[in-house]
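Trainee: I've got the model open and I keep tripping over the labels. Can we go through a few of them and see what each one rests on?

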Amino acid sequence: MKAAVVTSFGTAPRCADFPDPVAAGRDEMVVSVIAAGLHPRVRSQANGSHYTSTGVLPLVPGIDGVGRDADGRLRYFVLPEDVTAGSMAERAVIDARRSVVLPSGTDPLMVAAAMNPAMSSWIALRQRIQFTAGSNVLVLGATGNAGRMAVQVARLLGAGEVIAAARDAGLLAGLAALGATSTLLLGPGPGPGSDSGPDSGDPGPDGSAVAGRLGPAAAGVDVVLDYLWGQPAATLLTALIRARADGGRPLTWIQIGSVAGPVAPVPSAALRAARLQVVGSGQGSVPAGAILAELPELAREISKGTFGIDVRAVPLDDVGQAWADSARSRQRIVITPAV
Ligand SMILES: NC(=O)c1ccc[n+]([C@@H]2O[C@H](COP(=O)([O-])OP(=O)(O)OC[C@H]3O[C@@H](n4cnc5c(N)ncnc54)[C@H](OP(=O)(O)O)[C@@H]3O)[C@@H](O)[C@H]2O)c1
């Protein structure tokens, strides 16, 4: 069969022949893959940098997707984290217990694009903490695909205030339409004499630029969904704790992604000055069973069009170009082996 094949971790996958997968276990089945999302997690799987990487090559990337089973039904499926025959192929072996049959009329591209970014906040709020309706949420990194989903998921789950924080003012302005009640621009912003680049998210050692932009809602943030980590997280954490109206009010920081850096220099005083709890949400910190239990309801929400995401379908033949594009595109690329 044709598949996207990685033969070296330094090189993008290319479309090539790969052995047909064979179902072995009682719950396994072969599906024709309709759509497989090119998520950041898939990029790190393909370049060997993800924390679950086993280093085995050759590798077909793709951790999830939508396929058609032998009975003609569409299924969203999640593959095991150490899979080497992934979903970016004409066919994939899936475990029926790690899949969900989609309602008829579902757009497979939308589901393949949206499940991974939507799941990041859905699982964090439903499985990682005891989230109560009315709690105030801040999404750090709100203009990415997962961040935009997080704004929508937080609203759906009954959040009170939803503060969207990111470095791009133009993109932030569009998030009110998704449910953000206010926005926070990260970084130093325009102005002469500033030597911190917008990428750093660091306005200075005391975070004064970000602190100065915090609106009144920041004093009552209950939960932070953090896709950035690195310096932007450290800067915001310090500013939020200083802004707290009630030091005894719990603040739960959920670490989900680290696009701004793998390490964040958190000042010790920030940990002592508030009832702060830092937790992570991802493979390993949430049991696989708990993640799978959430698939049907989330798939239903996506199938009925609850969330918006900008999708671009790319044929398997063009996977090399898709890899290059995905590094700079804001769209969620979906590889379509069997369309
Ligand atoms: N743990 C989980 O369950 C889980 C699930 C899904 C995703 N994730 C992780 O979540 C993260 C985001 O995923 P995604 O799908 O949203 O990716 P994405 O669509 O590529 O978006 C990345 C976002 O990060 C922003 N960004 C990049 N570098 C930045 C920096 N230095 N400072 C501030 N902002 C920066 C970009 O901002 P601009 O818009 O300004 O360029 C963009 O909005 C990734 O690390 C992914 O692996 C985790």
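**Talking through the labels**

Mentor: Sure, let's start with R128, which is found in helix α2, residues 108–128. Keep in mind that this is a predicted model.

Trainee: Why is R128 called partly exposed?

Mentor: Its relative accessible area is 29%. Buried means under 20% and exposed means over 50%, so R128 falls in between and counts as partly exposed.

Trainee: What makes R128 and G280 a polar contact?

Mentor: A polar atom of the R128 side chain lies 2.5 Å from the backbone oxygen of G280. The cut-off for such a pair is within 3.5 Å, so this one qualifies.

Trainee: And which residues does R128 touch, not counting those up to four places away in sequence?

Mentor: I123, V279, G280, S281, S285 and V286.

Trainee: S281 rings a bell. Which residues are closest to the ligand?

Mentor: S281 is one of them, along with G144, A146, R330 and R332. In total, 22 residues surround the ligand.

Trainee: How do you know that the ligand has polar contacts with the protein?

Mentor: Check the distances against that within 3.5 Å limit. An oxygen atom of the ligand is 3.1 Å from an N or O atom in the T143 side chain. An oxygen atom of the ligand is also 2.9 Å from a polar backbone atom of G144. Then a nitrogen atom of the ligand has a backbone N or O atom of I256 at 3.0 Å. The protein buries 79% of the 930 Å² that the ligand exposes when taken alone.

Trainee: Which elements give two or more residues to the shell around the ligand?

Mentor: Those are α2 and α3, the latter covering 145–156. By type, the shell residues divide into eight nonpolar, nine polar and five charged.

Trainee: Back to α2, then. Why does S121 count as buried?

Mentor: S121 lies in helix α2, and its relative accessibility is 0%. The cut-off is under 20%, so S121 is buried. Leaving aside neighbours within four places in sequence, S121 is in contact with M149, A150, V153, L225 and Y227. A polar atom of its side chain also lies 3.4 Å from the backbone oxygen of A118.

Trainee: What about E294: buried or exposed?

Mentor: Buried. E294 has 7% relative accessibility, and the line is drawn at under 20%. The place of E294 is in helix α8, residues 288–303. Leaving aside neighbours within four places in sequence, the residues in contact with E294 are W122, I123, R126 and Q127.

Trainee: W229 has a relative accessible area of 17%. What does that make it?

Mentor: Also buried, because 17% is still under 20%. W229 lies in the loop between β11 (223–226) and α6 (230–243). It has a positive phi of about 55° although it is not a glycine.

Trainee: Now the strands. Why is β5 described as largely enclosed?

Mentor: Five of the five residues of β5, residues 74–78, are buried, so the rest of the structure largely encloses the strand. L74, Y76 and V78 point one way, while R75 and F77 point the other way.

Trainee: What makes β4 and β5 a pair?

Mentor: Pairing takes at least two bridges. Strand β4, residues 64–68, and β5 have five, in the antiparallel sense, so they pair. One of the partnerships is G67 with R75. The hairpin has five residues between the strands, and G72 takes a positive phi near 85° there.

Trainee: Does the other strand, β15, follow suit, and how do you know that β3 and β15 pair?Mentor: Strand β3, residues 28–37, and β15 have two bridges in the antiparallel sense, and at least two are needed, so they pair. A36 stands opposite I335 in β15. Strand β14, residues 311–315, pairs with β15 in the parallel sense over five bridges. As for enclosure, five of the five residues of β15, residues 332–336, are buried, so β15 is largely enclosed by the rest of the structure.

Terms used
Residues numbered from 1 in each chain as written. Predicted model: local features only at pLDDT ≥ 70, side-chain atom pairs only at ≥ 80, totals over all residues. Heavy atoms only, no water. Helix = DSSP H or I, 4+ residues; strand = E, 2+ residues; numbered from the N terminus. Buried < 20%, exposed > 50% of the residue type's maximum accessible area, 1.4 Å probe, protein only. Contact = heavy atoms within 4.5 Å. Polar contact = N/O pair within 3.5 Å; in protein donor to acceptor, adjacent residues only side chain to side chain. Near = heavy atom within 4 Å. Areas by Shrake-Rupley, 256 points an atom, 1.4 Å probe, with all protein chains shown as cover. Nonpolar A, V, L, I, M, F, W, Y, C, P; charged D, E, K, R; others polar.
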